[in-house]
Amino acid sequence: MAGLSLACISAMHEASWSLFTVLITMPIAIIMGLLMRYRKDSVLLASTLGGILLIVGIIGGHSLMQYDHIANLFHWDVETISIAIAVYGFFASVLPMWLLLVPRDYLSTYLKIGTILMLAVGIIFVQPTIQMPAITSFIHGGGPVIGGPVLPFIFIVIACGAISGFHAVIATGTTPKMLAQERDVLFVGYGAMLVEGFVALMALIAACTLMPGDYFAINTPAAKYDSFLAAFPDMKVVDLDHFMDRIGIDLYGRTGGAVSLAVGMAHIFDKIPFMDDVVAYWYNFAIMFEAVFILTAIDAGTRVGRFFSTRDDGQFYSCV
């Protein structure tokens with residue numbers, strides 16, 4: 001969960017608009033939770049209201065951030081966001097599931113699927129060129145993002161179930177409590193993994209459409225970037241400064257993958273006619289999509305952590 005949180009922190013620190021779009025999902029989720037809890041047959045109403053408020057928040061966030069006193073409220077540094085994510089995980093794990101965790105995760109599901117479908121349509125329409133070579137010299141180690149060779153690091157990078165076992169933990173403690181009937185297990189479990197694989201494929205395409213120099217400028221830690229550029233002078237940025245000007249934040253050294261995916265999406269949609277003026281909206285929409293998706297793992301993972309404990313004799317057991 002700490003590793004997942006790093007992607008959120010990297011994307012949202014000193015980025016007022018991005019942080020604002022993520023924070024508004026929480027009060028929206030509470031409104032949805034209260035509505036579905038106390039109004040009969042209100043799932044459709046809550047879903048529609050949540051979607052509308054989300055879109056209004058994204059679009060209105062740009063105008064609000066033009067006021068310095070408001071923008072400064074959401075201009076958080078790395079340490080502040082790190083603490084805030086832990087605080088969110090705590091409250092999401094102790095409050096009733098129907099109040100915050102379930103409606104916020106439910107809202108993020110529509111956001112995730114909708115965003116990826118839009119990205120897929122954009123890829124088909126634009127047919128972007130893959131700029132990243134299939135194999136680089138970094139497969140043997142020494143890369144600026146991951147220092148080791150492809151094997152065995154690829155199995156660590158693909159953490160969802162590969163080594164972390166996170167999905168197994170969630171499936172034993174949380175998922176069964178949210179299934180209406182046993183026959184839904186196949187659709188929820190296997191269907192979700194198919195969707196996640198599709199998300200990974202779209203994210204890979206979006207990132208690889210960036211020029212290699214732009215990709216490495218985003219994903220290389222700031223302290224190592226100068227030495228990396230000295231060793232590989234042909235990896236200079238190409239389009240990154242243009243996107244920084246359009247989006248309005250510094251994109252260098254924002255590691256973790258979230259920003260490179262968001263810039264990749266903005267890069268693809270930028271090729272569509274009349275889309276150049278709304279690149280910043282696409283970028284912040286993508287950041288919100290990724291952050292709320294990651295926060296679903298943080299809140300559910302923290303809640304599941306409450307299910308586990310250790311006896312005095314050191315034996316591990318579950319008190320689900």
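What follows is a chat between a student and a tutor about a predicted model.

Student: How confident is the predictor in the protein chain, by pLDDT?

Tutor: The chain averages a pLDDT of 83, and 92% of the residues score at least 70. Residues 316–320 are another story, with a pLDDT below 50. That stretch still has 14 contacts in the model beyond near neighbours in sequence. Where pLDDT is low, though, predicted coordinates should not be read in detail.

Student: Why is Met265 called buried?

Tutor: Its relative accessible area is 1%. Buried means under 20%, so Met265 gets the label. Met265 sits in helix H14, residues 258–269.

Student: What does Met265 touch, leaving out residues up to four places away in sequence?

Tutor: Thr115, Leu119, Ala206 and Ala286. Take Ala206: 59 residues separate it from Met265 along the chain, yet their C-alpha atoms are 5.7 Å apart.

Student: And which residues does Leu119 contact, leaving aside neighbours within four places?

Tutor: Leu119 is in contact with Met202, Ala206, Met265, Ile268 and Phe269. Leu119 is also one of the residues with the most contacts inside the largest nonpolar core.

Student: What makes Leu119 count as buried, if I only know that it belongs to the largest nonpolar core?

Tutor: The core is by definition a set of buried residues, so membership tells you that Leu119 has under 20% relative accessible area. The core has 77 residues, and Met12, Leu251, Val259, Val263 and Tyr283 are also among those with the most contacts inside it. The largest share, 14 residues, comes from H15.

Student: Does H15 turn up elsewhere, and which elements give two or more residues to the lining of the second largest pocket?

Tutor: Those elements are helix H4 (43–64), helix H7 (101–126) and helix H15 (279–305). H4 gives the most, with six residues. The lining has 14 residues, with Ile55, Ile58, Leu111, Met118 and Phe285 nearest the pocket's centre. The volume of this pocket is about 340 Å³.

Student: How do you know what classes of residue line the second largest pocket?

Tutor: Count them by class: 12 are nonpolar, two are polar and none is charged. Ile, Leu, Met and Phe all count as nonpolar, so the five residues nearest the centre belong to that class.

Student: Why is Val188 called partly exposed?

Tutor: Val188 has 33% relative accessibility. Partly exposed runs between 20% and 50%, so Val188 falls in that class. Val188 is in helix H10, residues 184–208.

Student: What does Val188 touch, not counting residues up to four places away in sequence?

Tutor: Thr175 and Leu179. Val188 and Thr175 are 13 residues apart along the chain, with 8.7 Å between their C-alpha atoms.

Student: How do you know that those two touch, with C-alpha atoms 8.7 Å apart?

Tutor: Contact is judged on heavy atoms within 4.5 Å, so the C-alpha separation does not decide it. Val188 and Thr175 are listed as touching.

Student: What makes the phi of Asp41 worth a look?

Tutor: Asp41 has a positive phi of about 50 degrees, although it is not a glycine. Most residues other than glycine have a negative phi. Asp41 lies in the loop between helix H3 (25–38) and H4. With a relative accessible area of 71%, over the 50% cut-off, Asp41 is therefore exposed.

Student: Where is Gln127, and what is its phi?

Tutor: Gln127 is in the loop between H7 and helix H8 (150–157). Gln127 is not a glycine either, and its phi is positive at about 50 degrees. Its 63% relative accessibility is over 50%, so Gln127 counts as exposed.

Student: Why is Ala2 called exposed?

Tutor: Ala2 has 62% relative accessibility, again over 50%, so exposed is the right word. Ala2 is in helix H1, residues 2–12. Ala2 and Arg303 are 301 residues apart in sequence and 15 Å apart in space, C-alpha to C-alpha.

Key:
Residues are numbered from 1 along each chain as its sequence is written. This is a predicted model: local features need pLDDT of at least 70, side-chain atom pairs count only at pLDDT 80 or more; totals for chains, interfaces and linings use all residues. Side-chain values use heavy atoms; hydrogens and water are left out. On a 1 Å grid over the protein atoms alone, a cavity is a set of points where a 1.4 Å probe fits but cannot get out, and a pocket is an open set with protein on both sides within 12 Å along at least five of seven lines; lining residues have an atom within 4 Å of a point. Grid points are joined across faces, edges and corners, and a volume is the space filled by probe spheres set on the points. Helices (H or I, at least four residues) and strands (E, at least two) are DSSP runs, numbered from the N terminus. pLDDT is the predictor's confidence in each residue, from 0 to 100. Buried means under 20% relative accessible area, exposed over 50%, partly exposed in between (1.4 Å probe, protein chains only). A nonpolar core is a set of buried Ala, Val, Leu, Ile, Met, Phe, Trp, Tyr and Cys residues joined through side-chain atoms within 4.5 Å.
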